Amino acid sequence: MARLLFVHAHPDDESLWTGVALAHHVAAGDEVHVLTCTLGEEGEVIPDDLKHLELPAGEARDPDAADPLAEVRRDELRAAMEAMAVTSSVVFGDEEFRRLSGRESAPAFRDSGMAGTPSAAHPRAFASCDIDAVAADVAAYVDALAPDAVVTYDEQGGYGHPDHIRTHDVTVAAVAASRTQPQLFITLTPRSWAVEDRAWLHAMCSPQFLEETGFLVPSADDPFPPSVADDAEVTHAVVDEQAVTAQIRALRAHRTQVTVADEVYALSNDIAARLSGREGYARYDAEARARVGAAAPGEHAGPGTDGHRAPLVTR
């Protein structure tokens, strides 16, 4: 049995970015743990009946005011992780995190919003946190958990969100400082997969489907996010079509943030994305703060991969 820790910025990121790996490793009998750094207070709300929870865009945030969306998204995260049947799910700075890590003074942070927005100036904005101090708290949690592998975003946070970038920075520093020294992985998508998924959307999303859902399919010329990398850079993979069923259950729990129709989902921007049952990763050297660029000796493709890349953990 392996033990894996997935570190994410906001509720729903765990199911969007690593949902296949979560479900795959749960089904394999592994311990799967999720650490979420904020409650996603700045999220854009999709359902009309919950729109009142969304904070007004472009306005400064009162540090003393309550965040109406926070507890709703905590509940969504709890429901999603119950649907995934993960071993544990904690939020940085909450009572359970403090208990498990032994860091009684670990503070709670807040969703920073996108770069340049007024919410980034909030005194608890995660993107402004002291990396070393927070990494020390996360390192204590990592050492208490003793995972075989830790997974988080690439250097640009997948798509440039300040909280995702800070999550990467904190996680890398935490693994470097940990006594247990687990393997560290970042999420990447092979460019060939991204091209195939976009072609699949054009082929499978009929005009009727798009009209009914309101989804928009990106054109072949639209740029890919920074997490899409050259195929050779993606050294590890989890491929499991059966995992999509659990991933969909989890995503549907995040109803303020995600709309799911068949094996397609969209966020508040209505841009369609495929639930393909495959995720790419690369090993990351926490000490050097650099991508390793190759599987380790003894690692090889096997069940749960694409036949070319190594799994996250070797049994």
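Visitor: Why is the sulfur of Cys37 not in a bond with the closest cysteine sulfur?

Guide: The closest cysteine sulfur belongs to Cys129, and it sits 8.1 Å from the sulfur of Cys37, which is too far for a bond. A disulfide here is a pair of cysteine sulfur atoms within 2.5 Å. In general, a disulfide is a covalent bond between the sulfur atoms of two cysteines.

Visitor: And how many disulfides does the structure hold?

Guide: It holds 0 disulfides. Cys129 is in none, its nearest cysteine sulfur being that of Cys37, 8.1 Å away.

Visitor: Is Cys37 buried or exposed?

Guide: Cys37 counts as buried, because its relative accessibility is 3%. Buried means under 20% relative accessible area, exposed means over 50%, and partly exposed lies in between, using a 1.4 Å probe and protein chains only. Cys129 also has a value, 7%, and counts as buried.

Visitor: What should I know about the model itself?

Guide: This is a predicted model, where local features need pLDDT of at least 70 and side-chain atom pairs count only at pLDDT 80 or more, while totals for chains, interfaces and linings use all residues. Residues are numbered from 1 along each chain as its sequence is written, and side-chain values use heavy atoms, with hydrogens and water left out.

Visitor: Good to know! How many helices and strands are in the protein chain?

Guide: There are 8 helices and 12 strands. Both are DSSP runs numbered from the N terminus: helices are H or I with at least four residues, and strands are E with at least two.

Visitor: Why is the chain called as compact as a globular protein of that length?

Guide: Its radius of gyration is 19 Å, close to the 20 Å that the globule rule gives for 315 residues, so the chain is as compact as a globular protein of that length. The radius is taken over C-alpha atoms, and the rule is 2.2 Å times the number of residues to the power 0.38. Along the principal axes, the C-alpha atoms fill a box of roughly 50 × 50 × 30 Å.

Visitor: What share of the 315 residues is buried?

Guide: Buried residues make up 53% of them.

Visitor: What about contacts across the sequence?

Guide: Take contacts between residues at least 6 apart in sequence: 77% of these join residues at least 24 apart. Contact means heavy atoms within 4.5 Å.

Visitor: Can you show me one residue with such contacts? Where is Phe92 found?

Guide: Phe92 is in the loop between strand E3 (88-91) and helix H3 (95-101). With 2% relative accessibility, Phe92 counts as buried.

Visitor: Which residues does Phe92 touch?

Guide: Not counting residues up to four places away in sequence, Phe92 touches several, among them Leu35, Cys37, Phe97, Pro107 and Val138. So Cys37 from the start of our chat turns up here again, as one of the residues in contact with Phe92. Leu35 is 57 residues from Phe92 along the chain, and their C-alpha atoms are separated by 6.7 Å.

Visitor: New topic: what is phi of Ala146?

Guide: It is near 55°, a positive value in a residue other than glycine. Most residues other than glycine have a negative phi. Ala146 is in the loop between helix H4 (131-145) and strand E4 (149-152), and is partly exposed at 33% relative accessible area.

Visitor: And what is phi of Gln181?

Guide: Near 50°, again a positive value in a residue other than glycine. Gln181 lies in the loop between helix H5 (162-177) and strand E5 (183-190), and is partly exposed, with a relative accessible area of 42%.

Visitor: Let's look at helix H6. Is Ala194 buried or exposed?

Guide: Ala194, which lies in helix H6 (residues 191-204), counts as buried at 9% relative accessibility. Leaving aside neighbours within four places in sequence, Ala194 is in contact with Thr189, Phe224 and Val228.

Visitor: How about Met204, buried or exposed?

Guide: Met204 is found in helix H6 too, but counts as exposed at 53% relative accessibility. The C-alpha atoms of Met204 and Val264 are separated by 9.7 Å, with their positions 60 residues apart along the chain.

Visitor: Last one: how many positive and negative side chains are there?

Guide: There are 25 positive and 52 negative side chains, and the centres of the two sets lie 3 Å apart. Lys and Arg count as positive, Asp and Glu as negative, and His and the chain ends are not counted. Each charge is placed at NZ of Lys, CZ of Arg, CG of Asp or CD of Glu.
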